[in-house]
Number of protein chains: 2
Amino acid sequence: MKVAFQGEAGAYSEQAVFDYFGNVETVPCESFDAVFDSVISEKSESALIPIENSLAGSIHQNYDLLLRHDLHIVGEYLLRVRHCLIGLPGAKKENIQRVISHPQALGQCASYLRALGVKVEPVYDTAGSVKMLKSSGETTTAAIASHRAAEIYQMQILQEGIEDNPENYTRFLAIQHEPIVPDANAKTSIVFTLKNQSGALFKALSVFALRDIDLTKIESRPLQGKPWEYLFYIDFLGSLKEPHVNKALDHLAEYALMLRVLGSYPRFNES
Amino acid sequence: MKVAFQGEAGAYSEQAVFDYFGNVETVPCESFDAVFDSVISEKSESALIPIENSLAGSIHQNYDLLLRHDLHIVGEYLLRVRHCLIGLPGAKKENIQRVISHPQALGQCASYLRALGVKVEPVYDTAGSVKMLKSSGETTTAAIASHRAAEIYQMQILQEGIEDNPENYTRFLAIQHEPIVPDANAKTSIVFTLKNQSGALFKALSVFALRDIDLTKIESRPLQGKPWEYLFYIDFLGSLKEPHVNKALDHLAEYALMLRVLGSYPRFNES
């Protein structure tokens, strides 16, 4: 089985692919667009895309791509992001003067790096920073990336878990051509548009509230070509198999201008 | 009067400052953080920050900064973003082979640039691309930026309004130390958090729906340190001067874990 992800070998997304799918063949892609294209063109059977980080928020581009393409969400996975300070074999932490990584990883380790008293330099990718470090051969430079990136490039982990905030999780969605219909303990993701009138969102949310359906996420995105009108993306607990979920969506379809189910899938079990 | 904005002289944000404030002294800042700091430290009396683009969506960093700092929103402005293809004096459109600008501007002119058959190259800033072009002296390269950027650097506009989608607006917020309380035709921006329980957002929105208060925007952002809990930012029509607005906020405060008014300000008149 081939699974597409965005980034280079050793990226956090690739780690998530192995955790979620097990021993599959990974297909690295340059951009999120390329990840979707890989599944659409059947070069990959599936893909795993990051949709939200607990510190940085939603990855809005992937919301837009879910709308644009006719793929289905079939699963979710939560990855605990644990950054490692990585040096060349034989490098010593106390000699490090410069640290390179993706700007978001540098930002998530800002206090640690200030205490270390090093110069920081943003580069395009976390795993890519390890690759760059390896080819530079500089023993006073370190990279920040995943444990796996250090292994792949046969580099040395100088310190693990250097992120300032341990509550650093990324939520991934598994997507493929064919939808599934899960049993109990499921989540469903939908997108809809509403008439631009007073109380519209309140009425839309009533279809869930009246049936005690628990929303886990709401996200709004601009509707292209209609300034200050929005698409709403909602995740809620429940499967399309359950009658009260179907009733809620029937009721919403009556009221929404557009409604699409992006997928119904087993909820990730955090324990 | 001094007004801070993010970017270089000639940036779209600077154009918005002149449109909104009239003839003031502008203070260019490298980052949005620096814009807020400029007002906090009283180097500037006010600032104008972009909060939302009709094509690209919200500028989430500015939502986070509004929460972190104790400044008040006192006005809003809508700028129609009109991109210009800019060359050196004497350059000809048919000779252009390469176009440089901020990735977002390049993206918003993608169809136009494809038809022109040129190579595109991303740089850090729109106005900055004009400055770079000027110092390079290359007559076969063009930049994409505002009309004003072309004037400032005494360059030539090869074509105006080259954006693929004319519905390209950026909404700006004016911020300062002291709040104002506007009369009729106002907007109010708030931020709040809720208990993580079924129906929570529905109940929160009921305080507006029951009083026919029109929401114009809802945005969610991650609550730091509490994965999968959210801050909600809402804009609605009405002034703090109006009794039904005060009742709605009283009612919401009863129910919300945290509630803060970011500002009540005159609504921008689009006509």
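The following exercises, each with a worked solution, examine a predicted model of two chains, A and B.

In this predicted model, local features need pLDDT of at least 70, side-chain atom pairs count only at pLDDT 80 or more, and totals for chains, interfaces and linings use all residues. Residues are numbered from 1 along each chain as its sequence is written, while chains are lettered from A and ligands numbered from 1 in the order in which they are written.

**Exercise 1. Describe chain A as a whole.**

Solution. Begin with the secondary structure: chain A has nine helices and 15 strands. Helices (H or I, at least four residues) and strands (E, at least two) are DSSP runs, numbered from the N terminus. Next, consider extent: along the principal axes, the C-alpha atoms of chain A fill a box of roughly 65 × 40 × 40 Å. Finally, consider burial: 45% of the 271 residues of chain A count as buried. A residue is buried if 20 or more other C-beta atoms, placed from the backbone, lie within 10 Å of its own; it is exposed if 12 or fewer do, and partly exposed in between.

**Exercise 2. Determine the strand order and the edges of the four-stranded open sheet of chain A.**

Solution. Two strands pair if DSSP finds at least two bridges between them. By this rule, the order in chain A is S13-S14-S12-S15, with antiparallel pairing. S13(A) and S15(A) (258–266) each have a single partner strand, so one side of each is left without a neighbour in the sheet. Neighbouring strands are turned by 15° against each other on average, direction ignored. As a detail, S12(A) (residues 186–193) and S15(A) pair in the antiparallel sense over eight bridges. Thr188(A) stands opposite Ser264(A) in S15(A).

**Exercise 3. Repeat the analysis for the five-stranded open sheet, and place helix H6 of chain A.**

Solution. The strand order in chain A is S8-S7-S9-S6-S10, and the pairing is mixed. At the edges stand S8(A) (119–122) and S10(A) (156–160). Here the average turn between neighbouring strands is 30°, direction ignored. S7(A) (residues 98–101) and S9(A) (residues 141–145) run parallel and are joined by three bridges; Ile100(A) stands opposite Ala143(A) in S9(A). H6(A) (residues 126–136) lies across S6(A), S7(A) and S9(A), running at about 155° to S9(A). Axes are lines fitted to C-alpha atoms, for helices over the stretch in contact, and angles run from 0 to 180 degrees between N-to-C directions.

**Exercise 4. Establish how chains A and B are related and where they meet.**

Solution. First, a rotation of 180° with 0.0 Å of shift along its axis superposes chain A on chain B (RMSD 0.0 Å). That is the relation of a two-fold axis. The superposition is by least squares on the C-alpha atoms of residues with pLDDT of at least 70 in both copies. In chain A, the C-alpha nearest the axis belongs to Phe202(A), 3.1 Å from it.

Second, the contact takes 27 residues from chain A and 27 residues from chain B, two residues being in contact if their C-beta atoms, placed from the backbone, lie within 7 Å. S13(A) gives the most to the side of chain A that touches chain B, with seven residues. Of the interface residues of chain A, 100% are also interface residues in chain B, so the copies meet through the same surface.

Third, the axes of H8(A) and H8(B) (residues 200–209) come within 10 Å and cross at roughly 145°. Among the residues of H8(A) that meet H8(B) are Leu201(A), Phe202(A) and Leu205(A).
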